Amino acid sequence: MDAISIPQLLRFPQRTETVEFQEFIPDLETLTPVRGQLSVAHHKTYLEIEVKAETIVTLCCDRCLQHYNHRLLLQTSELIWLEDSDPNSSLLLEREVALEDLSETLSPYGYFQPDAWLYEQLCLALPVKQLCGTECSGISSEDSSNEPDIDRRWASLEVLKERLES
């Protein structure tokens, strides 16, 4: 997806650009392209971004460690404030940040990167607890033999140990 010029949004009808997309997002491994619709509306002091998207990802079950496919559905919105940032603030290594300053901002003369924003939203939509199913019992702990498991790489050392004991 191409970057969207924030000043150019003011020239669109209702100051809104809507983009239909069907593509793979870099750095996000999916089985199918991400399909959906993204809308960016300019409200003078902030951008309102809305998205509806879906794709299929392969996840690893936290219990049984088997891979399974998961349909990832995304329907979210976010407000991003438009304000000029102080060019010297990026040079500071340490600075105190107030709680109300913990919001995302963009320059009103810059660009909005929809692919980077969509990547972040899809990562946030991934399930925290990855289970292949509600009936997943986990890794089977049944042992078919009563003998302890011996690492065969140490077999020659075991033979040497038996010789020394006799």
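What percentage of the 166 residues in the protein is buried? In this predicted model, buried residues account for 26% of the chain's 166 residues. The exposed surface of the protein comes to about 12,500 Å², and carbon and sulfur atoms contribute 49% of that area.

A walk along the sequence gives a helpful first view of the fold. Three helices and seven strands are present, and their succession reads β-α-β-β-β-β-β-β-α-α. Contacts that span long stretches of the sequence also feature here: of those between residues at least 6 apart in sequence, 60% bring together residues at least 24 apart.

Attention now turns to the sheet. Five strands build an open sheet, arranged in the order S2-S3-S4-S5-S6, with mixed pairing. At its edges lie strand S2, covering residues 16–23, and strand S6, covering residues 105–106, each of which pairs on one side only. The partner of S6 is strand S5, residues 67–82; these two strands run in the parallel sense and are joined over two bridges. Within this part of the sheet, Trp 81 is found opposite Thr 105 of S6.

The sheet also has a helix packed against several of its strands. Helix H2, made up of residues 114–125, lies across S2, strand S3 (34–42), strand S4 (46–60) and S5. Relative to S5, helix H2 runs at about 125°. Strand S5 thus appears in both parts of this picture, pairing with S6 in the parallel sense and lying among the strands that H2 crosses.

Note on methods
Residues numbered from 1 in each chain as written. Predicted model: local features only at pLDDT ≥ 70, side-chain atom pairs only at ≥ 80, totals over all residues. Heavy atoms only, no water. Helix = DSSP H or I, 4+ residues; strand = E, 2+ residues; numbered from the N terminus. Buried < 20%, exposed > 50% of the residue type's maximum accessible area, 1.4 Å probe, protein only. Contact = heavy atoms within 4.5 Å. Areas by Shrake-Rupley, 256 points an atom, 1.4 Å probe, with all protein chains shown as cover. Pairing = 2+ DSSP bridges. Axes fitted to C-alpha atoms, helices over the stretch in contact; angles between N-to-C directions.
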